[in-house]
Amino acid sequence: MNTKVLIVLILFTAVNTQNPLTGTSSECCEGNAETLKDLVQRVTSLESQLGVLKAENDNLRMNSSALVMLQNELTQIKSRQQPVAFFAELSNDLVNPASGQKVVFDQVLTNVGNAYSPSSGVFTAPVTGTYHFNVVLSSPNNRDSGHYMHFFLLQNGRKIAYLFLDHNTDYWLHASTSAVVQATKGDLLWLSVGVVVGQHTLAGHKQGEGEIHSHVSGFLIQAD
């Protein structure tokens with residue numbers, strides 16, 4: 001049975017129960033017809049209102065889903081725009097480092113985003129994107145004319161940049177290199193000692209002189 005018809009019959013029965021029939025048969029029929037017509041109109045109106053409420057509810061659900069999607073996109077955009085920058089120096093001379101040794105720039109001057117560790121000397125990419133790195137190294141005059149020491153900037157163990165400080169005797173050596181790197185979140189970058197021969201020193205910060213002889217820096221250019 002149609003829902004509207006069932007509701008009308010229930011209401012019609014209730015009306016007749018509450019209002020016993022009086023008067024002639026013709027009057028009764030006319031009264032019932034008017035009551036039935038009124039009930040049908042009321043039910044139709046209620047159904048129309050129900051349809052409007054259902055449509056509004058569907059719209060609210062759609063808007064709610066769209067809002068959740070926008071919030072997720074905003075969170076992703078904020079994470080991609082996370083500022084990352086660091087600058088760290090070597091506080092003390094590194095004398096006769098071994099091949100394969102990690103150079104730990106332990107004195108941090110800038111570390112926005114805390115992606116660089118001054119205890120391990122490792123930079124961990126906090127987001128996937130394009131980064132710029134710069135390394136500056138210095139070595140004082142050396143009596144061992146045959147000495148040399150090489151360095152590699154490594155990304156997950158892969159060489160991406162190279163420096164060398166070779167054969168200086170009566171003057172300081174100063175070398176620098178830079179690299180633009182595409183890194184994935186979690187990638188590790190650090191400076192490692194390469195081939196070494198003879199006596200050699202990587203100059204650290206000279207206390208009282210103010211010079212920062214050896215340092216490393218980097219920053220996020222753009223996140224993916």
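## Threonine 110 and the largest cavity

Threonine 110 lies in strand 4, which spans residues 107-112. The model is predicted. The relative accessibility of threonine 110 is 33%, so this residue counts as partly exposed, given that the partly exposed class runs between the limits of 20% and 50%.

Leaving aside residues up to four places away in sequence, threonine 110 touches Ala85, Phe86 and Phe87. For alanine 85, the C-alpha to C-alpha distance to threonine 110 is 7.0 Å, at a sequence separation of 25 residues. Phe86 also appears among the residues that line the largest cavity.

The structure holds 1 cavity of 30 Å³ or more. What is the volume of the largest cavity? The volume is about 70 Å³. Its lining includes Val103, Phe105, Tyr116, Gly121, Phe123 and Phe133, and further along the chain Leu153, Leu189, Trp190, Leu191 and Val216. Strand 11 (residues 188-197) supplies the largest share of this lining, 3 residues. By class, the lining has 11 nonpolar residues and 1 polar residue, with no charged residues.

For the chain as a whole, 2 helices and 13 strands are assigned. Totals for the protein chain are as follows.

| Quantity | Value |
|---|---|
| Share of the 224 residues counted as buried | 33% |
| Share of contacts with a separation of 6 or more that join residues 24 or more positions apart | 73% |
| Accessible surface | about 13,400 Å² |
| Share of the accessible surface belonging to carbon and sulfur atoms | 55% |

Methods
Residues numbered from 1 in each chain as written. Predicted model: local features only at pLDDT ≥ 70, side-chain atom pairs only at ≥ 80, totals over all residues. Heavy atoms only, no water. Helix = DSSP H or I, 4+ residues; strand = E, 2+ residues; numbered from the N terminus. Buried < 20%, exposed > 50% of the residue type's maximum accessible area, 1.4 Å probe, protein only. Contact = heavy atoms within 4.5 Å. Areas by Shrake-Rupley, 256 points an atom, 1.4 Å probe, with all protein chains shown as cover. 1 Å grid on protein atoms, 1.4 Å probe; cavity = no way out; pocket = protein on both sides within 12 Å on 5 of 7 lines; lining within 4 Å. Points joined across faces, edges and corners; volume = space filled by probe spheres on them. Nonpolar A, V, L, I, M, F, W, Y, C, P; charged D, E, K, R; others polar.
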